[in-house]
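Visitor: I have the model open. Please show me how to read its helix packing and its core.

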Amino acid sequence: NLLVLQHKVATMDIEEIKKQLSGLAQPKGPQQLFYFGLLNQQLDAFAAWTRARDTFRQLAADAGLAKEERDLAAILERYNQSRINWYQQHRQVLANHEALQAELGASREENNLLERKIKAITDLETSISTRIEK
């Protein structure tokens with residue numbers, strides 16, 4: 001039954017998912033909670049993944065559910081946590097990349113400045129050498 005629900009949600013387009021979520025004020029009961037979690041899981045947004053993870057965590061801890069249902073909820077919780085972790089790692093890698101790009105730009109500027117200074121010193125030495133020879 002839950003797998004049928006999961007398949008139904010997986011085949012929905014994003015607009016339908018958003019419409020369904022807007023119609024679900026505060027999910028009550030395991031079936032609505034699973035549905036709420038599955039809908040949020042389908043969205044491509046960090047906040048939605050955290051809502052899905054938290055919902056499945058709640059279901060996995062619900063002693064009133066069958067073991068299989070709790071196990072499925074625990075799997076879905078881990079899946080959403082993995083997505084959250086990936087997203088956070090991805091953001092960190094992007095931040096590191098941007099910092100390294102800025103550092104590279106600064107190093108290139110410094111390198112250009114040093115090259116201009118070396119050229120100026122070389123030109124000065126050439127000028128002095130030319131004056132001495134005259």
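Visitor: How do the axes of α4 and α5 cross, and within what distance do they come?

Guide: Two packed helices are described by the angle between their axes and the distance between the axes. This is a predicted model, where local features need pLDDT of at least 70, side-chain atom pairs count only at pLDDT 80 or more, and totals for chains, interfaces and linings use all residues. Residues are numbered from 1 along each chain as its sequence is written, and side-chain values use heavy atoms, leaving out hydrogens and water. Here the axes of α4 and α5 come within 8 Å and cross at roughly 150°. That makes α4 roughly antiparallel to α5 (angles over 145 degrees).

Visitor: Which residues make the contact between α4 and α5?

Guide: Contact means heavy atoms within 4.5 Å. Among them are W49, R53, F56 and R57 of α4, with A73, E77, N80 and I84 of α5.

Visitor: Is E77 buried or exposed?

Guide: E77 is found in helix α5. At 16% relative accessibility, E77 counts as buried (under 20% relative accessible area, 1.4 Å probe, protein chains only). A polar contact of 2.7 Å joins its side chain to that of R57 (N or O atoms within 3.5 Å, one able to donate a hydrogen and the other to accept it).

Visitor: How many residues has the largest nonpolar core?

Guide: In soluble globular proteins, nonpolar side chains tend to be buried together. The largest nonpolar core has 21 residues (buried Ala, Val, Leu, Ile, Met, Phe, Trp, Tyr and Cys, joined through side-chain atoms within 4.5 Å). The largest share, six residues, comes from α3. F34 is among those with the most contacts inside this core. Beyond its neighbours within four places in sequence, F34 is in contact with residues including L2, F56 and L72.

How values were computed
Buried means under 20% relative accessible area, exposed over 50%, partly exposed in between (1.4 Å probe, protein chains only). Helices (H or I, at least four residues) and strands (E, at least two) are DSSP runs, numbered from the N terminus. Axes are lines fitted to C-alpha atoms, for helices over the stretch in contact, and angles run from 0 to 180 degrees between N-to-C directions. Angles under 35 degrees count as roughly parallel, over 145 as roughly antiparallel, 65 to 115 as roughly perpendicular and the rest as oblique.
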